[in-house]
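Welcome! Take a moment to look over the sequence and the model, and then read on for a short guided tour.

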Amino acid sequence: MGWLNKIFKGSVNRVSRGHYDGHWHEGNPSEHTRDAYNESDSEDIARAIALSLAEQDPNKGKAIDPDYSLEEDEQLARALQESLNTESPPRQNAPVENVPSESIPAREPHQPVFPSSGFRTCAGCRKPIGHGRFLSCMDEVWHPQCFKCYACNKPISEYEFAMHEDQPYHKSCYKDFFHPKCDVCKNFIPTNKNGLIEYRAHPFWMQKYCPSHEDDGTPRCCSCERMEPTDIKYITLDDGRKLCLECLTSATMDSPECQHLYMDIQEFFEGLNMKVEQQVPLLLVERQALNEALEAEKSGHHLPETRGLCLSEEQIVKTILRRPTIGPGNRIMDMITGPYKLVRRCEVTAILILYGLPRLQTGSILAHEMMHAYLRLKGYRSLSPQVEEGICQVLSHMWLESEIIAGASGNTASTSASSSSSSAAPTTSKKGAKTEFEKKLGAFIKNQIETDSSVEYGDGFRAGIQAVEQYGLRSTLDHMKLTGSFPY
């Protein structure tokens, strides 16, 4: 399963500052601000200046009759247009003395009237800018106190600011809200040499982390593959494997505990009309014992990291007899093991499963090895590694699906049971309701089977599941027994 590599890039914008003291004085606008005003803008500014000065006249309002008619309005507009066509527009920074400061009678057609639309309005409070300082950014002008960060609602006084979805942010607020943090060290993910934020992400869990954690010895959970965060201590098994606390909750730790799961899977096989009559021992073992048994086995097809074995040879295996405890430093201790002698009474002498894995993962491995046992005991000979491992992965996948469905119905059943009479027997069991993490873990294990890139396990599974979906499990098995291949 490939890990994802992400690159994240933000944007930085700049504020252009200015002030009005009868003249409009602006700094250099940023890329979000127009470089220069066109002639229409210059006219609006000049009109705003004149009208602002006119409003300061104590005699303001006398020049315009509030009862003038619509026809007079139209005449005034035509006069204004003629005036603009005949006179050159005032420049942006025209001196105040060049602009008439007295009120002009509204009915005199040869003099223009400057409408209120000529004001430069603050984009924040929607009031005129007036005299004093202003900011020019985002193609608008603002009172300095009105240009605020969208996150903290405080004015942005810095020269640079950040944008997200057309909203301004302090650079620090933007970083807090949008700069990705590492899920392992909890720090902001640093930029690479090109100034870009680059991080890794698990393709299923989407756990984000700094690229450096791939080489600094940060451990992963041996079950779910998530990296160990600095603020959480994973459990250390005696063989060096790490187990996260969520996976530990349902971990199977010894052979007696695993027998209940073994019975569940035997029932699952019986429900498919694939009962295994022979009593095949199931043993939970440490990694070292599993590797030693693998070396003693003369045949078989196994993953680079073996987690389960279906044995056919007689040998002595060291199995876990009692669940270990968790000691100081979250380390496993007080594990009790003992020898178990395998005797060949049929084609299968035992099934070995690696200890310390969550129930769903232990069960998926056990279902896989149970299918190996079924094929050997039922006389399926000369199967290629791709066909045999493929059909075993199909049964593992089918069992996981049944558990996830049973877990969903178990949640409903437990709710119904809680509302029933107090004399009813409890129905809660490990096979019953699943936690949200267990559901997610089950989906993860299924995804691992579905996306496996190996020829024997990955391609074999995809060919096998296609055959089962098209022809059914029984017909697929019959065809395999006759031909040694999947039906197509």
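Here is a report on two pairs of packed helices and one residue in a strand.

Please keep in mind that this is a predicted model.

**The helix pairs**

Two packed helices are described by the angle between their axes and the distance between the axes. The table gives these values for both pairs.

| Helix pair | Angle between axes | Distance between axes |
|---|---|---|
| α7 (residues 359-377) and α9 (residues 436-451) | about 35° | 9 Å |
| α10 (residues 455-471) and α11 (residues 473-483) | roughly 120° | within 7 Å |

Let us begin with α7 and α9, whose crossing is right-handed. Helix α7 brings L360, Q361 and S364 to the contact, while α9 brings E438, G442, I445 and Q448. Sorted by character, the residues of this contact are two nonpolar, four polar and one charged.

Now for the other pair: with axes crossing at roughly 120°, α10 is oblique to α11. Here A467, V468 and Y471 of α10 meet L473, S475 and T476 of α11. The residues of this contact comprise four nonpolar, two polar and no charged.

**A residue in a strand**

Next, find T319, which lies in strand β16 (residues 316-322). Is T319 buried or exposed? T319 has a relative accessible area of 3%, and because buried means under 20%, T319 counts as buried.

Which residues does T319 touch, leaving aside those up to four places away in sequence? They are S255, L283, L284, V285, I336, T337, G338 and Y340. With S255, the T319 side chain also makes a polar contact, side chain to side chain, at 2.6 Å.

Terms used:
Residues are numbered from 1 along each chain as its sequence is written. This is a predicted model: local features need pLDDT of at least 70, side-chain atom pairs count only at pLDDT 80 or more; totals for chains, interfaces and linings use all residues. Side-chain values use heavy atoms; hydrogens and water are left out. Axes are lines fitted to C-alpha atoms, for helices over the stretch in contact, and angles run from 0 to 180 degrees between N-to-C directions. Helices (H or I, at least four residues) and strands (E, at least two) are DSSP runs, numbered from the N terminus. A crossing is left-handed if the near helix is turned anticlockwise from the far one by less than a right angle, and right-handed if clockwise. Contact means heavy atoms within 4.5 Å. Ala, Val, Leu, Ile, Met, Phe, Trp, Tyr, Cys and Pro count as nonpolar, Asp, Glu, Lys and Arg as charged, and the others, Gly among them, as polar. Buried means under 20% relative accessible area, exposed over 50%, partly exposed in between (1.4 Å probe, protein chains only). A polar contact is a pair of N or O atoms within 3.5 Å; within protein, one must be able to donate a hydrogen and the other to accept it, and residues adjacent in sequence count only if both atoms are side-chain atoms. Angles under 35 degrees count as roughly parallel, over 145 as roughly antiparallel, 65 to 115 as roughly perpendicular and the rest as oblique.
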